[in-house]
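Let's take a walk through a protein together, one stop after another. Keep the structure open beside you and look up each residue as it comes along.

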Amino acid sequence: MKQDLPQGSIAAKCVDLTYEGLGVCKEGGNVIFVEGMFPGDEGEIKIAYRRAGQLYGELTKLTKPSPDRIDPLCKVCHACGGCSFQQYGYPAQLKFKQKLVQEQFRKIAHNEVQPLPTLGMDKPYFYRNKVQMPFCLGDKGNMYCGFYKENTHVIVPIQKCFIEDERCEAILDALKILMKIYQVLPYDELSGTGVLRHAVIKTSYYYKEIMVILVMNTSDFPNREPFIKDLLGKCPEITTLVLNVNKSSGSKILGEEIQTLYGRGYIQDDLCGLHFQISAKSFYQTNPLMTEKLYKTAMDFAELTPTDVVFDAYSGIGTIGLIAAKSVAKVISVEIVPEAVEDAKKNAERNGITNFEVYAADASSYIYQLFTAKQKVDVLFMDPPRKGSDERFLKAVKTLRPSRVIYVSCNPSTLARDRAFLSDTYKVSRLQPVDLFPQTPHVETVCELSLRNADKH
Ligand code: SAH
């Protein structure tokens, strides 16, 4: 309740950051989390709310800025929340991410190694190859697009985003104009009116290829044919246009149904010297330059040899397994999204790789098949989504006993949890944070786990 909260202005100094990137202030016996405050900042704060017993404050006046503070390029970064670190200098961001990984591992027992310094970008802007924008209706029938303000469904309109591929801006502008002309209205979840839920744009780094996915709540939207024709006419850089129908009420962006309206239905890109196709529903890392560093780190840690059998779990379009394939005897991959598995098969063909198998299945079920078939596995690459892996999968890993496990993770806390589960069998050898998400508190980590007692079977 509001009246329980400390009232008035409080002078506060920020001493730390949470893993979500909120400033931590310790004042009057209270710990207060403040968005937009960074270690070293001093200012006046107001307590805004209490959640789960924890106080959250708002910065009302910055009286002494932290030496790590910089002027953000984006003037709406406070409101949007998509890149809350734009005001925090890049060297400090990289240190924060190293400390974040260290802290998550410290909280659990048996941490033998410290994370290496975070690998960062030379130019940490305009890196994202994937944009997902919801739209809303503004004054005079004009359309806006933007990001949902953190933890809300309120759209903060954005004209220019400083972390996205700059080629997306013109396409979003064209969409806004054509939506107004053809009355293709943004979907409003409260009233259930309108049709366009999101525009998703995927760009290729090495090729002049761009995919636009129109996520609609119907395949039969108003003025469909002239809208599509004019969009392609205004934006000749679009090499494929896809319609995705999503009628669900959840927050998942893509629905099941896919129709290719123009082009091949996928884009191509290169990574670590190989050539990949990426279709609408397939996962592909969003920072192409840093993905190469991530995979190179994973390969270096794996120390692959020509007789190795590799298992690549949560394999997406097959990137990690295919990059490993040239150095080993055989790669077996598993991925749950059937479209990504189709991409992976095509990607093996395209690159002339024949020692590669990929299966569409849940990783935790599939790993038992390997075990039943008495399949030897020397190296396991695992790259699960943010929620991490599960105990079924990890139990099977302990029985399968690959000599090295290379765990690639976009969430240090689930990585540390899963590593703790494996700690009786595996020790951490190397830990490398890689910054795929500059200007945000997120980080990828490559963790090398080695069998504690390689001889015991
Ligand atoms: N290694 C890939 C993909 C990593 S993202 C790359 O670097 O590009 C995680 C992948 O795990 C996604 O492709 C997702 O579809 C897949 N996935 C999620 N849950 C899964 C499960 N239970 N079993 C197998 N794959 C799963």
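The shell around the ligand has nine nonpolar, four polar and three charged residues. This is a predicted model, so please read each value as something computed from it. Out of the 16 residues around the ligand, those that come nearest are Tyr 295, Glu 335, Asp 362, Ala 363 and Asp 383. Let's look at some of them in turn. A polar atom in the side chain of Tyr 295 sits 2.5 Å from an oxygen atom of the ligand. Ala 363 uses its backbone instead: one of its backbone N or O atoms lies 2.8 Å from a nitrogen atom of the ligand. For Asp 383, an N or O atom of the side chain is 2.9 Å from a ligand nitrogen atom. How much of the ligand does the protein bury? Taken alone, the ligand exposes 570 Å², and the protein buries 88% of that.

Next, turn to the aromatic rings. A search of the whole structure finds 14 aromatic pairs. One of them joins Phe 38 and Phe 85 in an edge-to-face arrangement, with 6.1 Å from centre to centre and 75° between the planes. The pair counts as edge-to-face because its planes are over 60 degrees apart. Where do these two rings sit in the chain? Phe 38 belongs to the loop between β3 (30-34) and β4 (42-51), while Phe 85 belongs to the loop between α1 (77-80) and α2, so the pair ties together parts that are 47 residues apart in sequence. Both partners are buried: Phe 38 has a relative accessible area of 1%, and Phe 85 has 0%.

Another pair, Phe 311 with Tyr 366, is tilted, at 6.0 Å centre to centre and 45° between the planes. Here a strand meets a helix: Phe 311 is in β16 (residues 309-313) and Tyr 366 is in α8 (residues 363-372), so this pair ties together parts that are 55 residues apart in sequence. Phe 311 is buried, at 0% relative accessibility, and Tyr 366 is buried too, at 8%. Both residues belong to an aromatic cluster made of Phe 311, Tyr 314, Tyr 359, Tyr 366 and Phe 393.

Now find helix α10, which covers residues 412-422. Its buried residues are Pro 412, Thr 414, Leu 415, Ala 416, Asp 418, Arg 419 and Leu 422. A general rule helps when you look at such a list: an α-helix has 3.6 residues a turn, so residues three or four places apart point the same way. What do the buried residues of α10 pack against? Their partners are two helices, α2 (90-106) and α9 (391-400), together with the strands β20 (404-409), β21 (426-434) and β22 (444-451).

Loops deserve a visit as well. Asn 246 sits in the loop between β12 (240-245) and β13 (257-262). Is Asn 246 buried or exposed? With 2% relative accessibility, Asn 246 is buried, because buried means under 20%. Beyond its close sequence neighbours, up to four places away, Asn 246 touches residues including Arg 197, Val 215, Lys 252 and Gly 255.

Pro 186 is in the loop between α3 (168-182) and β10 (196-203), and is buried as well, with a relative accessible area of 8%. Pro 186 and Pro 134 are 52 residues apart in sequence, yet their C-alpha atoms are 7.8 Å apart in space. Among the residues that Pro 186 touches are Phe 135, Cys 136, Met 179 and Leu 196.

Two further loop residues have a positive phi although neither is a glycine: Lys 140, at about 50°, and Gln 439, near 75°. Lys 140 lies in the loop between β7 (135-137) and β8 (143-148), and Gln 439 in the loop between β21 and β22. Their surroundings contrast: Lys 140 is exposed, at 76% relative accessibility, whereas Gln 439 is buried, at 2%.

Our last stop is Glu 58, in strand β5 (residues 54-64). At 42% relative accessibility, Glu 58 counts as partly exposed. Its C-alpha atom is 5.7 Å from that of Val 34, a residue 24 places away along the chain. Val 34 is also one of the residues in contact with Glu 58, along with Glu 44, Ile 45, Lys 46 and Ala 48.

Technical notes: Residues numbered from 1 in each chain as written. Predicted model: local features only at pLDDT ≥ 70, side-chain atom pairs only at ≥ 80, totals over all residues. Heavy atoms only, no water. Helix = DSSP H or I, 4+ residues; strand = E, 2+ residues; numbered from the N terminus. Buried < 20%, exposed > 50% of the residue type's maximum accessible area, 1.4 Å probe, protein only. Contact = heavy atoms within 4.5 Å. Near = heavy atom within 4 Å. Polar contact = N/O pair within 3.5 Å; in protein donor to acceptor, adjacent residues only side chain to side chain. Areas by Shrake-Rupley, 256 points an atom, 1.4 Å probe, with all protein chains shown as cover. Nonpolar A, V, L, I, M, F, W, Y, C, P; charged D, E, K, R; others polar. Phe/Tyr/Trp six-rings, centres within 6.5 Å; stacked < 30°, edge-to-face > 60°.
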